[in-house]
Amino acid sequence: MRLRCDARGGCGHLGCGAVITARQPTATVALGDLGKALILGKVVLVTGVARQLGGRFVRRIQRDADVDRVIGIDAVYPEHHLGGADFVQADIRQAGIARVLAEHHVDTVVHMDVTGMPLSAGSRTSVKETNVIGTMQLLGACQKSPTVKRLVVKSSTSVYGSAPRDPAVFTETTSPKSLPSGGFAKDAVEVEGYVRGFARRRPDVAVCVLRFANILGPCADSPLAEYFSLPVLPTVFGYDPRLQFVHEDDVMDVLRIASHDPQRGTLNSGTFNVAGDGVLLLSQCSRRLGRPTVPVLLPAVTWVGSALRTIGITDFSPEQIRLLTHGRVVRTTQMRETLGFAPKYTTAETFADFARSRGAGLLPPEAVARGVDRLSTLVNKERT
């Protein structure tokens with residue numbers, strides 16, 4: 001396939017197997033001997049830019065003074081604006097990604113194309129291939145690249161799984177009682193395994209893995225966001241799990257910290273849990289959304305999940321069911337003390353911002369809260 005560039009920029013080489021569109025003039029490169037090419041400033045490559053989160057990070061990282069160029073990668077053309085970044089339409093599952101790294105002399109790779117939601121008409125199979133095979137190809141390309149010096153990987157706290165005998169709080173070194181058996185959580189476990197292998201083979205590359213709690217916000221696009229958008233929330237009878245959230249604004253800030261050299265007194269290489277302070281019970285979430293719940297007996301939950309997937313409402317996967325049964329809470333001490341990042345939003349504030357973006361539910365949250373308070377007062381009086 002020929003590499004096509006518009007008149008405003010592009011690399012001008014053939015055989016890359018990608019389509020490049022430069023949105024504005026890019027940095028000047030002294031060409032000639034490829035090994036002696038002089039690149040001015042920092043070149044950051046971001047995967048998964050067709051998604052809202054990836055596109056937003058591309059726009060954010062361009063504002064940093066020491067970033068000279070930003071290259072956005074995805075298999076489909078993004079519907080949103082990428083600012084002055086160059087967009088390369090390429091599938092990271094293909095070997096051509098190595099040529100993209102080489103031709104643009106990338107020194108920092110931010111891998112955000114690890115996700116649980118397909119784009120448009122995509123399937124779960126294509127998502128898994130992108131998550132796992134795409135990561136393998138990308139890491140293979142990074143391993144061969146002499147210019148890559150930093151790798152940032154978006155992961156998830158779902159790697160810990162959710163089980164009845166889990167510890168109250170997970171740390172980065174806690175071994176899960178039961179490894180995820182499928183879905184996005186299993187993909188994340190495999191991705192992190194490949195990243196650890198890459199880190200051993202390229203100890204000269206600074207590797208940062210960010211395990212995000214459930215990401216929410218006005219533009220959230222995840223299975224859990226879809227679940228909370230249902231008019232009625234199916235829950236597991238007898239369980240009220242503890243949940244943690246991280247705001248999408250905080251996601252941008254911590255990715256930026258991980259993408260640069262560490263600040264004095266901090267270290268941004270390693271694995272870090274990222275979540276807002278505090279926890280919320282699922283029952284508190286439903287009340288704050290104003291959405292009634294329908295408790296379902298545990299044996300019937302799988303059937304309900306299958307029915308929801310059939311009508312295309314939400315990805316009610318087995319791992320999602322386990323989360324909504326047993327919950328998950330992580331410790332963020334390393335995020336604060338080692339990485340040097342303090343989220344602006346707590347878990348409760350993150351959920352409040354998400355709830356405002358979803359509009360009123362079937363039940364007015366204020367009326368529900370007053371009813372719960374009155375019921376609690378009556379119960380306490382009976383006890384005394």
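Here are some short exercises with worked solutions on the predicted model shown above.

**Exercise 1: a helix pair**

Work out how helix 7 and helix 11 cross, and which residues make the contact.

*Solution.* Start with the geometry. Two packed helices are described by the angle between their axes and the distance between the axes. For helix 7 (residues 282–289) and helix 11 (residues 347–358), the axes come within 10 Å and cross at roughly 35°. Next, the handedness: helix 7 passes helix 11 in a right-handed crossing. Then list who touches whom. Helix 7 brings C285, R288 and L289, while helix 11 brings A348, F351, F354 and A355. Finally, sort that contact by class: six nonpolar residues, no polar ones and one charged.

**Exercise 2: the surroundings of A225**

Decide whether A225 is buried or exposed, then find its contacts beyond four places in sequence.

*Solution.* First, place the residue: A225 sits in helix 5 (residues 223–228). Now check the accessibility. A225 has 2% relative accessibility, and the cut-off for buried is under 20%, so A225 counts as buried. Leaving out residues up to four places away in sequence, A225 touches L216, A220, F354 and R358. As a last step, look at A355, one of the helix 11 residues from the first exercise. The C-alpha atoms of A225 and A355 are separated by 9.9 Å, although their positions lie 130 residues apart along the chain.

**Exercise 3: salt bridges across the chain**

Count the salt bridges in the whole structure, then trace the pairs made by D249, D187 and D277.

*Solution.* The search turns up 17 salt bridges. Take them one at a time.

- **D249 and R56.** Their side chains meet with an N to O distance of 2.3 Å. D249 belongs to helix 6 (residues 248–259) and R56 to helix 1 (residues 52–61), so this pair links parts of the chain 193 residues apart. Both ends are partly exposed, D249 with a relative accessible area of 23% and R56 with 27%. Don't stop at the pair, though: R56, E248 and D249 are linked in a salt-bridge network.
- **D187 and K128.** Here the closest N and O atoms are 3.0 Å apart. D187 lies in helix 4 (residues 183–201) and K128 in helix 3 (residues 124–144), so the bridge ties together parts 59 residues apart in sequence. The two ends sit in unlike settings: D187 is buried at 0% relative accessible area, whereas K128 is partly exposed at 31%.
- **D277 and R336.** The closest N and O atoms are 2.7 Å apart. D277 is in the loop between strand 12 (270–274) and strand 13 (280–281), and R336 is in helix 10 (residues 333–337), so parts 59 residues apart in sequence are tied together. D277 counts as partly exposed at 37%, and R336 is partly exposed at 33%.

**Exercise 4: cysteines and a helix end**

Find how many disulfides there are, and say which residues of helix 2 are buried.

*Solution.* For the disulfides, look for cysteine sulfur atoms within 2.5 Å of each other; the count comes to zero. Then check two cysteines for accessibility: C142 is buried at 0%, and C208 is buried at 0% too.

Now for helix 2 (residues 97–104): its buried residues are I97, V100, L101, E103 and H104. Step just past the helix and you reach H105, which takes a positive phi of about 55°.

Note on methods: Residues are numbered from 1 along each chain as its sequence is written. This is a predicted model: local features need pLDDT of at least 70, side-chain atom pairs count only at pLDDT 80 or more; totals for chains, interfaces and linings use all residues. Side-chain values use heavy atoms; hydrogens and water are left out. Buried means under 20% relative accessible area, exposed over 50%, partly exposed in between (1.4 Å probe, protein chains only). Helices (H or I, at least four residues) and strands (E, at least two) are DSSP runs, numbered from the N terminus. Contact means heavy atoms within 4.5 Å. Axes are lines fitted to C-alpha atoms, for helices over the stretch in contact, and angles run from 0 to 180 degrees between N-to-C directions. A crossing is left-handed if the near helix is turned anticlockwise from the far one by less than a right angle, and right-handed if clockwise. Ala, Val, Leu, Ile, Met, Phe, Trp, Tyr, Cys and Pro count as nonpolar, Asp, Glu, Lys and Arg as charged, and the others, Gly among them, as polar. A salt bridge is a side-chain nitrogen of Lys or Arg within 4 Å of a carboxyl oxygen of Asp or Glu.
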